[in-house]
Amino acid sequence: MSFSAVIVAAGEGLRAGPGEPKAWRALAGRPIVRWSVEGLLAAGAGEVVVVVASDRLGSADDALAGLSGWKAVAGGGTRAESVLAGLAALRTGPDQAVLIHDAARPFVGKAHVDRLLAALDLADGAIPTLPVPDTLKRGDGVVGETVSRDGLWRAQTPQAFRLGRLRAAYGAWPAGEEPTDDASVMERAGGRVAMVAGDPMLMKLTYPEDFMLAEQLSAGRRIVRMGQGIDAHRFGPGDAVWLGGVRIPHDMGLIGHSDADCGLHALTDAVLGAIADGDIGEHFPPSDPQWKGVSSDRFLLHAVSRVAAKGGRILNADLTLICERPKIRPHRDAMRARIAELLGLPIDRMSVKATTTEGMGFTGREEGLMAQAVVAVETPF
Ligand code: MG
């Protein structure tokens, strides 16, 4: 069944402690709002509207770069106003199923969505619920009473409705009151809301401890992938070589269609290799005149953007340059700094090494220079 989704990411999340509003904080290297958007898109959402604070529209473009099928709209002063802004931005008709989701529940997946949509066939709304395992107390520093758990459930999101029915329910909601979720709006309007099995993985990140727990939980949902790249270029006339994003004065140059930066080419192939996305020649054909003489950082940044589009991130990289001359050592830290910048890595995760071949082979005869790179990338499972 097709569905649309509204993700509410306009809140400040003050209980989460100081720092960025929680939807924009990183979880395993990706903004939390991105987890929710990717989860719902992967579950089959036809369109996703992300409701953000009006000064965050640019942040949404950054956080969701490379994904398609979403748009961001500015929310209102309350959660209800933000939900209504999201509903207004949907292109679909009144009978379409719409899921309303809190951005701060990053682990939403297809199984959750499928249960909700199945239940929506027989009700005006459907919500994931969990039993309350702990004994409940009412009190204020001192226990006043023990509250029976009988019939009590915790409500999670996403919550599913028909678009037209939910709009009508919001229209009937009394002014001046603030609903804490969308099901309560449907209930008040006389709608029947079905309860389906919730999931501890739909936890809402609220307190600082929640973010640490989510970081650990996220590990099982990611895989580490390796990529390797090799490149060689021939020496020719010139007075400098580009290597590892750094210009090194030399008594020869390197011949190539671009700036012939062997190190960045090997790294580009390693990054593409890690995500099984072809090779540098496929993305930047040497026959294409637009790449003539360009700086090779363009190639590497492109490969990095392909990783981001898969929801991945680069973990570390190791580059080995193989030549007799020029001496690499004096330039090594400048290369590490430049490449770390291009890969979005801290410098202690970027290694540059050099070796000679003891005078043997084409590198030993100084006919050319060679580079090998290995990159580790983490992507969603
Ligand atoms: Mg090359």
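**View 1. His233, a buried residue at the metal site.** His233 is buried, with a relative accessible area of 14%. Keep in mind that this is a predicted model. Asp231 counts as buried too, because its relative accessibility is 17% and the cut-off for buried is under 20%.

**View 2. The magnesium ion and its protein donors.** Which residues coordinate the magnesium ion? Asp231 comes in through OD, His233 through NE2 and His265 through ND1, at 2.1 to 2.2 Å. Along the chain, the donors of the ion follow the spacing D-x1-H-x31-H.

**View 3. The two domains, side by side.** The domain assignment splits the protein into domain 1, covering 3-206, and domain 2, covering 223-380. Their C-alpha centres sit 44 Å apart. Asp231, His233 and His265 are the residues that hold the magnesium ion.

**View 4. Where domain 1 touches domain 2.** How many residues are in contact across this interface? Seven from domain 1 meet six from domain 2. Together the domains bury about 400 Å² between them, with 49% of it on carbon and sulfur atoms. By class, the side of domain 1 that touches domain 2 offers two nonpolar, two polar and three charged residues.

**View 5. Polar pairs across the interface.** Charged residues do show up on the domain 1 side, three of them, but the rule finds zero salt bridges between domain 1 and domain 2. What it does pick up is two residue pairs in polar contact, both at pLDDT 80 or more.

Terms used:
Residues numbered from 1 in each chain as written. Predicted model: local features only at pLDDT ≥ 70, side-chain atom pairs only at ≥ 80, totals over all residues. Heavy atoms only, no water. Domains from an automatic or database assignment. Contact = heavy atoms within 4.5 Å. Buried area = accessible area lost by both parts, 1.4 Å probe. Salt bridge = Lys/Arg side-chain N within 4 Å of Asp/Glu carboxyl O. Polar contact = N/O pair within 3.5 Å; in protein donor to acceptor, adjacent residues only side chain to side chain. Nonpolar A, V, L, I, M, F, W, Y, C, P; charged D, E, K, R; others polar. Donors = N, O, S within 2.8 Å, 3.2 Å for Na, K, Ca; no water. Buried < 20%, exposed > 50% of the residue type's maximum accessible area, 1.4 Å probe, protein only.
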